[in-house]
Amino acid sequence: MDTLERRDPQQRDAALMAALPTLVARAQGAEGWKQILKDVRAGDIDSRAALAQLPVTRKSDLKDLQTARPPFGGLNTTPHRQLRRLFVSPGPIFDPEGQQQDWWRFARPMRALGLHAGHIIQNCFSYHFTPAAFMVEGAAARLGCAVIPAGTGQTGLQVQTMRALQADAYVGTPSFLKILLEKAQEMGLALASLQRALVSGEALPPSLRNWFVDHGVPHVLQLYASADIGNIAYESISEGRVNPGMVLDEDLILEIVHPGTGDLVAPGEVGEVVVTSFNPDYPLIRFGTGDLSAVLAGISPCGRTNTRIEGWLGRADQTTKVRGMFVHPQQVAEMARRHALILKARLVVSGGMANDSMTLYCETTDMEAAAQQAAAIADSVRDITKLRGEVKFVAPGSLPNDGKVIEDARKYE
């Protein structure tokens, strides 16, 4: 753990806010950001409140942005021919990597796992087109760890290599680690050196974490990362136990917003993860990841003082097709915006094939006024979605805190 990770939270926030105007000014030097932030004075963006007024640029926008301004949508401030690597993610979406060591900021989560110079890492992320394996490579070089560039597949050879070279740690998806441990058992080979694993790319349920412990890997931590941002947040250990939540990386600003909007949720409420990254080659300002999470109150028992999130809680893009028409989360947000008495809204699609229906559930404190406005709200539902829907009112706190604004409850039997 370094000194930045132990900073007073107010000191950290002040430093990030002080750096914001420079970040915005640098981003505006790129054609894509210049267009997105065309009416913004960089010097005015020096607080969370000011940042929250800027538009959200979502991961789902990248394909169109990159088609208009290849290869990176005009969001890169370093020319693409001066970068170290150019990656291709499904879509296709192109992702850059700059020349800076540990460009993806993976060293901190690897240190949190206890990795340091002299350790050997079996890197089982794919080396083919996508950046995950190189995120590990950059951090390993910074920490002084040796890397076995194993990639995916060839499970028998992977097990033999892990045993022969005495790998100390595995990095990759949790499902592939399970496959390797089962293959080792089938081959009758013990992997006694393998005591640590850093996993990402998939969910790690408690049952699978316990399975790893039972099969000889006592320290398994999750990492939340993306091909655009790199490391976003990671788990930590205290006294041999995994701490609650995931600690935010030091070089990011986190916001949680209502899906389909840029509006901040209440503390502890589930919403879409929006990140501002200070990457000098590829700055991202209010970048909507499309993932759902929530902020955990308090400081991690490990002593890291940065914000914690609950980890990945699902996808924010809940776009649903109803009677041949797409209904989007931002449309539900617009319904609530038109009627001030709606504190929170959730559109539930129910019924069955060719017989589906929509009901807009609205939390409100004024049931009498709500009853009087029910017809007007129903008109808004129809105006915004071009579909008919019922309106029902519930007390504040009645709707689930799961980040969903559209729930598809249809049954197809």
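**Strand partners and aromatic pairs**

Trainee: Which residue in β23 stands opposite valine 349?

Mentor: This is a predicted model, in which local features need pLDDT of at least 70 and side-chain atom pairs count only at pLDDT 80 or more, whereas totals for chains, interfaces and linings use all residues. Residues are numbered from 1 along each chain as its sequence is written, and side-chain values use heavy atoms, without hydrogens and water. Strand β20 (residues 344–352; strands are DSSP E runs of at least two residues, helices H or I runs of at least four, numbered from the N terminus) pairs with β23 in the parallel sense over three bridges, pairing itself requiring at least two DSSP bridges. The residue in β23 opposite valine 349 is aspartate 408.

Trainee: Which are the edge strands of the open sheet of four strands?

Mentor: The strand order is β22-β21-β20-β23, with mixed pairing. Each edge strand pairs on one side only, and they are β22 (390–394) and β23 (406–408).

Trainee: Why does the pair of phenylalanine 87 and phenylalanine 134 count as tilted?

Mentor: Ring centres of Phe, Tyr or Trp (six-membered ring) must lie within 6.5 Å, and planes under 30 degrees apart are stacked, over 60 edge-to-face, the rest tilted. The centres of phenylalanine 87 and phenylalanine 134 are 5.5 Å apart, and because their planes stand at 45 degrees the pair is tilted.

Trainee: How many residues apart are phenylalanine 87 and phenylalanine 134?

Mentor: Phenylalanine 87 is buried (under 20% relative accessible area with a 1.4 Å probe, protein chains only; exposed is over 50%, partly exposed in between) at 3%, and phenylalanine 134 is buried at 15%. Their pair links strand β2 (residues 85–89) with helix α6 (residues 132–143), and the separation is 47 residues.
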